[in-house]
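Colleague: Please take a close look at one part of this model, the largest cavity. What lines the largest cavity?

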Amino acid sequence: MTLRLIGTTSDDGDCPTLYDIAETDEILVQGERETDPEHLVQLRDVKESETFVRVPRSLLTRYAPRSDAPELQPFASISGLFRDFKHTAWRLETRRGYASDRNSPKWTRFLAGEDISRDPDNAWRENVRAHTAQGKRFERVRLVDEPPTQGQEFLLASAPGNVAAGEDIRNLTRAQAQELRLPDHDFWLFDSKILARFAFDDADTTLGVYVTEDPAEVLAACQARDAAWHHAIRTEEFAGRVRSTM
C-alpha cells in the first residue's frame with residue numbers, strides 16, 4: 001500500500017511524522033516508542049501485535065485530517081478552477097515522466113531534436129495569458145533528477161513556451177526536495193484554499209484527482225509550496241545549468 005507524507009513537526013528529518021495510507025482510511029504515525037513501565041502498565045486491551053508511540057499534540061493539531069477522505073474524480077472535474085481562481089494556481093510536479101507528454105505530438109519532435117520551446121499558443125497558454133494579464137499567478141515547481149530523465153528533459157525543453165505565456169516555472173533537484181521533506185505526490189493548490197492531489201498508475205497515466213479543502217491537507221500543501229518556492233530556480237537558469245553538465 002502507498003504511503004503519502006501528510007506533515008511533520010520535525011526540523012531535522014527525524015520523527016514525529018504523519019502519513020496517509022492511500023488505499024485505506026487509516027493514518028500511520030511515526031514517533032518515539034513508549035517504554036515507560038508506569039505508562040505501559042496502565043494501557044488496556046493491548047493486543048500482542050500493537051505498539052505505542054509518542055507524538056506532540058501540535059502534530060495532530062496541525063495535520064490530523066478533519067474531514068472524510070475525498071473520493072477520486074476525473075481531472076476534467078477541476079477544469080473550472082483554472083478559470084475561476086482568484087489569485088494563484090500553484091503546481092508541484094514530482095514524477096520522472098508523464099504519459100500525457102509521451103503521447104503528445106511534441107514528444108516525437110523532441111526525440112528528433114527539434115526546438116519545441118516556442119510553439120504557437122494552445123488553449124492552456126491562452127488561458128494563462130488572460131489570467132496573468134489580470135494580475136493572477138500561474139506557478140509551478142518541477143523536481144528534476146540528477147541526471148534528468150528523458151521526461152524531465154522534455155519539460156525543460158518545452159517550458160519556455162509556457163513561461164512566455166505568463167507562467168512562472170521553477171525547478172528543484174530531487175535531492176533538495178528530499179532534504180526539504182517535500183511531498184512525493186503531484187498537486188495543484190488554488191488560492192491557498194483548494195487542493196487537488198493527483199493519482200497516477202505505474203505507467204505515469206493520470207487516474208484522477210482528490211479534491212479537498214480540509215485545513216490540515218491545505219496547510220501541508222501551503223508549507224510545501226513555500227519551502228519549494230524559496231529554494232527553486234527559474235527554469236531558464238536551471239536548464240542552462242543542466243546543459244552545462246551534459
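Modeller: The cavity comes first, then a three-stranded sheet.

This is a predicted model, where local features need pLDDT of at least 70, side-chain atom pairs count only at pLDDT 80 or more, and totals for chains, interfaces and linings use all residues. Residues are numbered from 1 along each chain as its sequence is written, and side-chain values use heavy atoms, with hydrogens and water left out.

Searching the whole structure gives one cavity of 30 Å³ or more. A cavity here is a set of points, on a 1 Å grid over the protein atoms alone, where a 1.4 Å probe fits but cannot get out. The largest cavity holds about 50 Å³ of space, a volume being the space filled by probe spheres set on the points. Its lining consists of Glu 93, Arg 95, Tyr 98, Arg 142, Leu 143, Val 144, Gln 152, Leu 155, Leu 156 and Asn 171; lining residues have an atom within 4 Å of a point. β8 (137–144) and α7 (150–165) are the elements that each give two or more residues to this lining. Helices (H or I, at least four residues) and strands (E, at least two) are DSSP runs, numbered from the N terminus. By class, the lining has five nonpolar, two polar and three charged residues. Tyr counts as nonpolar, Gln and Asn as polar, Glu and Arg as charged.

Now the sheet. It is open, with three strands in the order β1-β2-β3 and antiparallel pairing. Pairing takes at least two DSSP bridges between two strands. β1 (3–8) and β3 (27–30) are the edges; each has a single partner strand, so one side of each lacks a neighbour in the sheet. Four bridges join β2 (residues 17–21) to β3. Among the residues bridged to β3 is Leu 18, whose partner there is Val 29.

Terms used
1 Å grid on protein atoms, 1.4 Å probe; cavity = no way out; pocket = protein on both sides within 12 Å on 5 of 7 lines; lining within 4 Å.
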